[in-house]
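Reader: I'd like a close look at one part of this model, with a friendly walk through how its pieces fit together. Could you take me through it step by step?

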Amino acid sequence: MRGKKLGFIGCGNMAGAILDGILESEVLKPSDIVVFDINTKVRERVIKKGIEVSESIKDLCKLSEKVLLGVKPNIIKNVLKEAGKALEGKAILSIVAGISSDTIKDWADTEVRVLRIMPNTPAMVGEGATVLCSDTTFTEEEKAEAEKIFKSIGIVEWLPEKMIDTVTGLSGGGPAYVAMFIEALADGAVLNGLSRATAYRLAAQTVLGSAKMILDTGMHPGVLKDMVCSPGGTTIEGVKALEDGGLRSAVIQSVIDSSNKSRKLSKK
């Protein structure tokens, strides 16, 4: 097995989405990548993509220029311990939730460079919102390579690591909040006689299209709202109902509460 540009320790849903984005955008070739995962189905899936599978974490680390940590937070300490000195001098990309860069450096117990990353689940369809921590010890070249990888699955923002808990509450949890809004939109239409399948399809496309308008044009969300709200019309009536129901306040509080929970978990 020759040297690899990127090794994946863990290749579940999120890491698997990142892997697919890399391959589809041809950021790296299958021959540039190696994967370690204890799940037989995951191993079989990556082999079908032409990717080599390592038999141990230590071997993967020795082979790889960069290592992406895609495991659960409860096992990361053991993973780093098992890797040991094989990680020395390596660049580590971590998508492990709630584990700081400093903690990874401490647990690695050897000289490593760390980039903490917060992707989100829409990465699975190539529409992710990923935050890379700007106060990283990566070299400029490694930062550029990391950005290229994550742009293959959506948009990328660079922010200080102190903002990672806020990002967790916003884009990390955001897909759940948006899914609830889509479901509620559809429920309203079903109550008025529309079929469930059609209601979901129209609601989801409406959210997707509105988001694309804001991203593509740089339009303020309030401007889009005003474009749709004719004086004395149907939409402004619906907007009033949302204001009466406390939509804005509830959404703001959801981000605050989720961010605070992230802070508590990261301190454990």
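Reader: Which residue follows H2, and what is the sign of its phi?

Author: Happy to help. This is a predicted model, in which local features need pLDDT of at least 70, side-chain atom pairs count only at pLDDT 80 or more, and totals for chains, interfaces and linings use all residues. Residues are numbered from 1 along each chain as its sequence is written, and side-chain values use heavy atoms, leaving out hydrogens and water.

The residue after H2 is Gly50, and its phi is positive, near 85°. Helices here are DSSP runs of H or I with at least four residues, strands are E runs of at least two, and both are numbered from the N terminus. At the other end of H2, which spans residues 40–48, a side-chain oxygen of Asn39 comes to within 2.8 Å of the backbone nitrogen of Lys41.

Now to phi elsewhere. Most residues other than glycine have a negative phi. Glu26 is not a glycine, yet its phi is positive, about 60°. Glu26 sits in the loop between helix H1 (13–24) and strand E2 (33–36), and it is exposed (over 50% relative accessible area, with a 1.4 Å probe and protein chains only), at 69%. Asp109 also has a positive phi, of about 55°, without being a glycine. Its place is the loop between helix H5 (101–108) and strand E6 (113–118), and Asp109 is exposed, with a relative accessible area of 60%.

Next come the helix pairs. Two packed helices are described by the angle between their axes and the distance between the axes. Axes are lines fitted to C-alpha atoms, for helices over the stretch in contact, and angles run from 0 to 180 degrees between N-to-C directions.

Helix H8 (residues 174–191) packs with H9 at about 135°, the axes being 8 Å apart. That angle makes H8 oblique to H9, oblique being what remains after under 35 degrees (roughly parallel), over 145 (roughly antiparallel) and 65 to 115 (roughly perpendicular). In the contact (heavy atoms within 4.5 Å), the H8 residues include Phe181 and Leu185, and those of H9 include Tyr200 and Val207.

H9 (residues 196–217) also meets helix H10 (residues 221–228): their axes come within 10 Å and cross at roughly 125°. H9 is therefore oblique to H10. Ser210, Met213 and Ile214 of H9 touch Pro221, Leu224 and Met227 of H10.

Note on methods: A polar contact is a pair of N or O atoms within 3.5 Å; within protein, one must be able to donate a hydrogen and the other to accept it, and residues adjacent in sequence count only if both atoms are side-chain atoms. Buried means under 20% relative accessible area, exposed over 50%, partly exposed in between (1.4 Å probe, protein chains only).
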